[in-house]
Amino acid sequence: MSTLLRGLKLHVAEPGRPARLKPYISRPAAIVTVTDEGGSSGKLRREFGILPPGDIRNCLVALADDEQLFTRLFNYRFSDGRGLAALTALTHDFAKAVRVSSEVLAVRGEIFPSTLSDVRLEAQLRDGRIVYGESRINKTHVPVQRLRIVPSRCQPLPEALAAIKAADLITIGPGSLYTSLIPNLLVHSISEQIAHSKALKVYIANLMTQPGETRGYTAADHLRAMHEHAGGRVFDRVILNTGQLSAGMLRRYAAQRAAPVQNDLQAVRALGVEPVLADLLEEHHVARHDSSRLAKLLLRLATSRHSGASHKSKAQE
């Protein structure tokens with residue numbers, strides 16, 4: 001998500017803070033899953049009993065006007081998400097701690113945890129075994145049959161539902177299918193709010209499969225898993241990369257049992273989703289979406305749909 005936000009940030013226009021690029025965005029909002037149990041986030045969660053701050057911190061950094069300043073400030077005394085932990089202790093409210101961080105650092109947008117409940121993930125694998133916890137699920141070599149969130153009736157943050165309701169464009173991805181994307185769809189009312197929205201709904205397909213969660217998954221497999229967990233079709237479009245990895249990068253990923261996600265266009269269309277093809281690959285030490293090209297593509301899709309709807313409405317009048 002931080003890759004996408006970094007590109008969208010350049011299009012945000014606010015009073016006294018013009019956007020750097022057109023078309024303009026008036027109010028970007030990110031809804032972040034809070035099921036992380038690994039690394040420093042897991043340690044903070046266990047030691048202080050707070051929601052995992054790592055993913056939210058990454059989104060704050062991505063939307064900050066001065067990313068280097070944000071990083072230096074939060075790392076000055078509080079590394080690895082401890083800044084949010086400290087603010088949570090001061091405010092006694094995780095959502096408020098995120099909001100205060102956004103205000104202090106002039107973040108170009110809003111960031112919400114999907115829920116304030118202390119939630120965990122539970123996966124039933126295709127061999128019948130049950131695996132508990134995000135860190136174990138993303139390491140499994142047996143495909144996931146069904147993912148559940150515990151407690152199952154965890155309540156969403158009202159501001160997150162309001163952001164979905166107000167949206168002109170809703171995107172999900174890129175990210176780990178079972179431990180980053182689907183968990184948000186399992187929070188009570190979120191899938192329903194997305195389904196009722198008239199916004200353009202777009203899934204940004206991952207560039208690569210993941211050795212644990214999605215080994216061998218095609219683009220349609222990713223979509224099918226999300227629709228099954230959401231209780232119906234969620235997306236209007238799916239963005240698929242056409243850029244080709246270098247031979248060296250392919251070998252590096254193959255050694256980790258990962259490969260480019262296959263664009264099975266016929267199967268994607270059979271799910272009622274229209275594929276959008278574009279070269280979005282950016283290679284450094286890993287394969288990533290080019291944040292600028294991705295943001296521009298999404299905004300073109302949103303504005304063209306909005307223009308089309310306006311023309312249709314006028315023609316009907």
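This report describes one helix, one pocket and the aromatic pairs of a predicted model.

## Helix α11 and its surroundings

Helix α11 runs over residues 219-230 and contains twelve residues. From its first C-alpha to its last it reaches 17 Å, which is close to the 16 Å expected at 1.5 Å a residue. After the helix comes glycine 231, with a positive phi near 85°.

Many positions of α11 are shielded from solvent: Ala219, Ala220, His222, Leu223, Ala225, Met226, His227 and His229 are buried. Residues three or four places apart in an α-helix point the same way, because each turn takes 3.6 residues. The cover over the buried residues of α11 includes the strands β5 (144-150), β6 (169-172), β7 (200-204) and β8 (237-241). Helices α9 (177-186) and α13 (265-270) are also among the covering elements.

## Aromatic pairs

Two aromatic pairs are present in the structure. A pair of aromatic rings is described by the distance of the centres and the angle of the planes. Tyrosine 178 and tyrosine 217 make an edge-to-face pair, with 6.3 Å centre to centre and 80° between the planes. This pair links distant parts of the chain, since tyrosine 178 belongs to helix α9 and tyrosine 217 to the loop between β7 and α11, 39 residues apart. Tyrosine 178 is buried, at a relative accessible area of 2%. Tyrosine 217 has 8% relative accessibility and therefore counts as buried, the cut-off being under 20%.

The other pair, tyrosine 203 with phenylalanine 235, is tilted, with 5.6 Å centre to centre and 40° between the planes. Tyrosine 203 lies in strand β7 and phenylalanine 235 in the loop between α11 and β8, so this pair ties together parts that are 32 residues apart in sequence. Tyrosine 203 is buried, with a relative accessible area of 0%. Phenylalanine 235, at 1% relative accessibility, likewise counts as buried.

## The second largest pocket

The second largest pocket has a volume of about 230 Å³. Its lining comprises 17 residues, of which Leu207, Asn241, Gly243, Pro260 and Val261 are the closest to the centre.

Strand β8 supplies the largest share of this lining, with three residues. The same strand is among the elements that cover the buried residues of α11. By class, the lining of the pocket consists of ten nonpolar and seven polar residues, with no charged residues.

Conventions. Residues are numbered from 1 along each chain as its sequence is written. This is a predicted model: local features need pLDDT of at least 70, side-chain atom pairs count only at pLDDT 80 or more; totals for chains, interfaces and linings use all residues. Side-chain values use heavy atoms; hydrogens and water are left out. Helices (H or I, at least four residues) and strands (E, at least two) are DSSP runs, numbered from the N terminus. The expected span of a helix is 1.5 Å times one less than its number of residues. Buried means under 20% relative accessible area, exposed over 50%, partly exposed in between (1.4 Å probe, protein chains only). Contact means heavy atoms within 4.5 Å. On a 1 Å grid over the protein atoms alone, a cavity is a set of points where a 1.4 Å probe fits but cannot get out, and a pocket is an open set with protein on both sides within 12 Å along at least five of seven lines; lining residues have an atom within 4 Å of a point. Grid points are joined across faces, edges and corners, and a volume is the space filled by probe spheres set on the points. Ala, Val, Leu, Ile, Met, Phe, Trp, Tyr, Cys and Pro count as nonpolar, Asp, Glu, Lys and Arg as charged, and the others, Gly among them, as polar. Rings of Phe, Tyr and Trp (its six-membered ring) pair if their centres lie within 6.5 Å; planes under 30 degrees apart count as stacked, over 60 as edge-to-face and the rest as tilted.
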